[in-house]
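I opened my notebook to see how two chains share a sheet and a contact. Here is what I looked up, in the order I went.

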2 protein chains.
Amino acid sequence: MQHGLRLSANNLPRICLIPTFSAPPAPHDAATTPANQQDLREQGSVFMPRFDSHGLVTAVAVDRTSGRLLMLAHMNAEAIERTRETGHAHFWSRSRGRLWMKGESSGHVLRVVEIRVDCDQDALELIVDAAGPACHTMAQSCFYRRIAADGSLERVAGD
Amino acid sequence: MQHGLRLSANNLPRICLIPTFSAPPAPHDAATTPANQQDLREQGSVFMPRFDSHGLVTAVAVDRTSGRLLMLAHMNAEAIERTRETGHAHFWSRSRGRLWMKGESSGHVLRVVEIRVDCDQDALELIVDAAGPACHTMAQSCFYRRIAADGSLERVAGD
């Protein structure tokens with residue numbers, strides 16, 4: 001594997017997942033105090049996603065070419081692993097209670113070029129190439145409406 | 001108010017908030033079946049955010065000029081209202097259990113130019129002009145690290 005290069009979809013690294021609900025640090029261990037843990041998470045180079053009580057982080061997909069926000073969903077540890085292994089975005093469906101690959105039925109997969117993580121590591125940004133409309137409504141982006149001046153929703157131009 | 005125009009930060013509309021936990025539809029009322037409700041939410045022109053059991057929707061802020069994803073947070077009905085009233089992004093802090101205006105202490109406010117909503121109305125996209133770094137770490141974006149080929153985190157160039 002090459003270090004420090006932009007990832008290709010077929011070259012996503014294996015990631016060491018360190019869940020937040022791991023064993024608590026031993027008392028008086030300065031290296032693992034909550035403040036220190038926060039510093040590590042915010043400034044460190046270790047990917048240690050901060051899963052919520054349901055074992056999920058929020059993930060947003062952004063189109064590599066247009067920069068447009070495409071969709072927002074959730075990932076558990078397995079979804080992250082599968083995304084890395086396959087190069088295609090996988091999520092955890094909270095409504096269906098199962099792992100799913102975006103586009104598994106429509107063919108409109110999201111090819112993941114890069115994964116970014118936010119400061120406290122409870123959100124991921126997937127930079128993707130989309131094989132078709134990202135939204136199940138067939139819109140290019142799930143965010144196809146904006147709030148108009150009168151408070152109603154109106155379609156975003158071109159979607 | 002003008003209809004159908006892109007919103008300015010000082011001209012954000014008042015929004016009729018229809019919580020999902022309102023009274024259930026009467027049986028056999030075709031206009032309010034769950035499927036019909038889903039159609040209304042996905043295709044209609046009424047803003048009816050789908051709050052979770054904590055009364056929250058997810059909100060992501062995107063820079064109007066660069067298109068860059070800046071941060072991800074949560075909003076309750078009051079945060080949405082305050083955002084519209086003031087033109088500055090307000091969120092609900094889950095850790096602190098209170099409403100906060102982004103930049104209330106740092107001055108790095110987010111001026112909201114437009115609000116978009118996703119298909120099932122449980123996520124908002126705020127298109128913003130940022131008065132400074134969006135992240136409390138002083139990075140321009142909270143998503144300042146990416147997963148490198150070796151699985152470690154590396155800083156995104158220019159942030």
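These entries go from the shared sheet to the contact between the chains.

**Entry 1, the model.** I noted first that this is a predicted model.

**Entry 2, the sheet.** I asked myself in what order the strands of the open sheet run. I read it as β8(A)-β7(A)-β5(B)-β6(B)-β1(B)-β2(B), six strands with mixed pairing. I then looked at the edges and found β8 (153–155) of chain A and β2 (69–75) of chain B there. Each has a single partner strand, so one side of each is left without a neighbour in the sheet. I also looked up the turn between neighbouring strands: on average it is 35 degrees, direction ignored.

**Entry 3, where the chains join in the sheet.** I followed strand β7 (residues 145–147) of chain A to strand β5 (residues 110–117) of chain B. The two pair in the antiparallel sense, over two bridges. For A:Arg145, I found B:Val117 as the bridge partner in β5(B).

**Entry 4, a helix on the sheet.** I saw helix α2 (residues 77–86) of chain B packing on this sheet. The helix touches β1 (57–63), β2, β5 and β6 (123–130) of chain B, and its direction makes about 125 degrees with that of β2(B).

**Entry 5, the contact area.** How many residues does each chain bring to the contact? I got 53 from chain A and 55 from chain B. Between them the chains bury about 4400 Å², with 56% of it on carbon and sulfur atoms. A:Arg145, A:Ile147 and A:Ala149 caught my eye: they supply 17% of the area that chain A buries against chain B, more than any other three residues.

**Entry 6, charges and polar pairs.** I looked for salt bridges across the interface of chain A and chain B and found four. One of them joins the side chains of A:Glu114 and B:Arg146, at 3.2 Å from N to O. I also counted 24 residue pairs in polar contact between the two chains.

**Entry 7, chain A's side.** I listed the elements of chain A that each supply at least two residues to the side touching chain B, among them α1 (34–43), β7 and β8. By class, I find 25 nonpolar, 13 polar and 15 charged residues on that side.

Definitions and conventions. Residues numbered from 1 in each chain as written. Chains lettered and ligands numbered in written order. Predicted model: local features only at pLDDT ≥ 70, side-chain atom pairs only at ≥ 80, totals over all residues. Heavy atoms only, no water. Pairing = 2+ DSSP bridges. Axes fitted to C-alpha atoms, helices over the stretch in contact; angles between N-to-C directions. Contact = heavy atoms within 4.5 Å. Buried area = accessible area lost by both parts, 1.4 Å probe. Polar contact = N/O pair within 3.5 Å; in protein donor to acceptor, adjacent residues only side chain to side chain. Nonpolar A, V, L, I, M, F, W, Y, C, P; charged D, E, K, R; others polar.
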